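Biologist: I am new to this structure and would love a close look at a single part of it. Could you pick one spot, walk me through it, and then show me how the rest fits around it?

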Amino acid sequence: MKTFLPALALFLATSASAASLNVRDADTIVVDGTPVRLNGVDAPELGTQSGRNAKRWMVNYLRGKSISCDLNGERTHDRWVGVCYADGQDIGAAVIAAGHALDCRRYSGGRYRHLETPAAKSRLKRAGYCR
């Protein structure tokens, strides 16, 4: 596994384009078989209507776009953590600006806070670990 880890980190960190993409939910995508947790994004769970709407938005937003990710080397559950881009645009910023997720300041350092919509702040519950 040690020889695989640097190759994986290098592959995604060099912004290589994805050949395949799967959307798990609005804060986790699978890029070429590698699950990536979008760093600093607090999206609703799939068990909620907001979570299903957020996933649907994400699938539509990413369709046909070139995806690249910069991983930070951290893992959470089965996912690598990083910032991903769709045609060069930060996916986390896009989903938050669209009102389907909130900034998770604990991990983002607040970089997405200014993108939160008033409607999302009133409708979505911020995860306890993001406060």
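Modeller: Let's start with His100, which is buried in this predicted model. Its relative accessible area is 17%, and it counts as buried because that value is under the 20% cut-off. You will find His100 in a loop, the one that links helix H3 (91–97) to strand E8 (102–103). Leaving aside residues up to four places away in sequence, His100 touches Ala43, Pro44, Asn53, Ala54, Trp57, Val95, Arg123 and Leu124.

Now compare another histidine, His77. This one also sits in a loop, between strand E5 (67–76) and strand E6 (79–86). His77 is exposed, with a relative accessible area of 71%; it earns that word because 71% is over the 50% cut-off. The backbone of His77 deserves a look too: its phi is near 55°, a positive value in a residue other than glycine. Most residues other than glycine have a negative phi. A little further along, Asp87 lies in the loop between E6 and strand E7 (89–90), and its phi is positive as well, near 50°.

A positive phi turns up again at Asp32, in the hairpin of E2 and E3. Two strands flank that turn, with 2 residues between them, and the phi of Asp32 is near 50°. E2 (residues 28–31) and E3 (residues 34–38) run antiparallel and are joined by 4 bridges. One pairing to look for is Val30 of E2 with its bridge partner Pro35 in E3.

On its other side in sequence, E2 is tied to strand E1 (residues 21–25) by a hairpin of 2 residues. E1 and E2 also pair in the antiparallel sense, over 4 bridges, and Asp25 has Thr28 of E2 as its bridge partner.

In a regular strand the side chains alternate between the two faces of the sheet. In E2, both faces are covered: Thr28 and Val30 are buried on one side, and Ile29 and Val31 are buried on the other.

Finally, let's step back to the whole protein chain. It holds 5 helices and 8 strands, in the order α-β-β-β-β-α-β-β-β-α-β-α-α from the N terminus on. Of its 131 residues, 45% are buried. Among contacts between residues at least 6 apart in sequence, 53% join residues at least 24 apart. The chain exposes about 6800 Å², and carbon and sulfur atoms supply 53% of that area.

Note on methods. Residues are numbered from 1 along each chain as its sequence is written. This is a predicted model: local features need pLDDT of at least 70, side-chain atom pairs count only at pLDDT 80 or more; totals for chains, interfaces and linings use all residues. Side-chain values use heavy atoms; hydrogens and water are left out. Buried means under 20% relative accessible area, exposed over 50%, partly exposed in between (1.4 Å probe, protein chains only). Contact means heavy atoms within 4.5 Å. Accessible areas come from the Shrake-Rupley method with a 1.4 Å probe; for residues, only the protein chains shown count as cover. Two strands pair if DSSP finds at least two bridges between them.
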